[in-house]
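Me: Hi! Could you walk me through this one before I set anything up?
Reply: Happy to, let's have a look together.

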Amino acid sequence: MRNVDTIDLKLLIALQKDASLSQRDLAERVGLSQNACWRRLNRLQQMGILCGTRALVDLSALGLDLTVFVMLSTRQHSRDWVDRFARHVEALPEVIDFHRIGGEWDYMLKVVTQGMAGYDRFYQRLIDGFEFDKVTGLFSMERILEGRPPVLNRLL
């Protein structure tokens, strides 16, 4: 686990629950001094394990009320095509997750947009300039569990 000990895991677990904790509160929760906590956080950042903090935003409260899982299949697998497609997808603000996957499909995108008309506009931009064998959208009807941080306690 790349030199990660129990205290490092406790720091990560505490931050996953509440990244707004002050360093003093975080240090107290894991039994460290503030300086030792700061050194460990810096080390976890330098190791690429701790990758910043984010706020959770209710996108539907902002009118982004449609989530679509877009599945794509293509015959194009050259590195040049993949790189060009990845840059294209990264430029589409509706895409919040993007994976190359195995199995029947080649790529899966998680898209959040404003209703069906917003998805149609997104779809037209997505396919512009690229050939696909199959494209389908799976429309989320209800968010049951979303944005759940991985359970790190299992590593203790």
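**Sheet, helices and salt bridges**

Reply: Let's start with helix 5 (residues 115–127), which lies across strand 1 (66–73), strand 2, strand 3 and strand 4 and runs at about 25° to strand 1. Keep in mind that this is a predicted model.

Me: Thanks! In what order do the 4 strands sit in the sheet?
Reply: The order is 2-3-1-4, in an open sheet with antiparallel pairing. Strand 2 (95–100) and strand 4 (134–139) are the edge strands, each pairing on one side only. On average, neighbouring strands are turned by 15° against each other, direction ignored.

Me: And how many bridges join strand 2 to strand 3?
Reply: There are 5, with strand 3 covering residues 107–113. Asp97, for instance, has Lys110 in strand 3 as its bridge partner.

Me: Does Lys110 turn up again? I mean, which side chain meets Lys110 in a salt bridge?
Reply: That would be Glu146, at 2.8 Å from N to O. Glu146 sits in the segment after strand 4 and Lys110 in strand 3, so the pair links parts of the chain 36 residues apart. Lys110 counts as buried at 12% relative accessibility, while Glu146 is partly exposed at 39%.

Me: How many salt bridges are there in total?
Reply: The count comes to 10. Another of them pairs Glu94 with Arg125 at 2.6 Å, N to O. Glu94 is in the loop between helix 4 (79–90) and strand 2, and Arg125 is in helix 5, so this pair ties together parts 31 residues apart in sequence.

Me: Switching to Asp8: is Asp8 buried or exposed?
Reply: Buried, with a relative accessible area of 0%. Asp8 is in helix 1 (residues 6–17), and beyond its sequence neighbours up to four places away, Asp8 touches Asn3, Arg40, Arg43 and Leu44.

Me: What distance separates the closest N and O atoms of Arg43 and Asp8?
Reply: They are 2.5 Å apart, in a salt bridge. Arg43 lies in helix 3 and Asp8 in helix 1, so the pair ties together parts 35 residues apart in sequence. Both belong to a salt-bridge network with Asp5 and Arg40.

Me: Last one: at what angle do helix 2 and helix 3 pack?
Reply: About 95°, with the axes of helix 2 (residues 23–30) and helix 3 (residues 34–46) 9 Å apart. That makes helix 2 roughly perpendicular to helix 3. Their contact has 5 nonpolar, 2 polar and 1 charged residues. Among those meeting there are Leu26 and Ala27 from helix 2, and Trp38 and Leu41 from helix 3.

Technical notes
Residues are numbered from 1 along each chain as its sequence is written. This is a predicted model: local features need pLDDT of at least 70, side-chain atom pairs count only at pLDDT 80 or more; totals for chains, interfaces and linings use all residues. Side-chain values use heavy atoms; hydrogens and water are left out. Helices (H or I, at least four residues) and strands (E, at least two) are DSSP runs, numbered from the N terminus. Buried means under 20% relative accessible area, exposed over 50%, partly exposed in between (1.4 Å probe, protein chains only). Contact means heavy atoms within 4.5 Å. Axes are lines fitted to C-alpha atoms, for helices over the stretch in contact, and angles run from 0 to 180 degrees between N-to-C directions. Angles under 35 degrees count as roughly parallel, over 145 as roughly antiparallel, 65 to 115 as roughly perpendicular and the rest as oblique. Ala, Val, Leu, Ile, Met, Phe, Trp, Tyr, Cys and Pro count as nonpolar, Asp, Glu, Lys and Arg as charged, and the others, Gly among them, as polar. Two strands pair if DSSP finds at least two bridges between them. A salt bridge is a side-chain nitrogen of Lys or Arg within 4 Å of a carboxyl oxygen of Asp or Glu.
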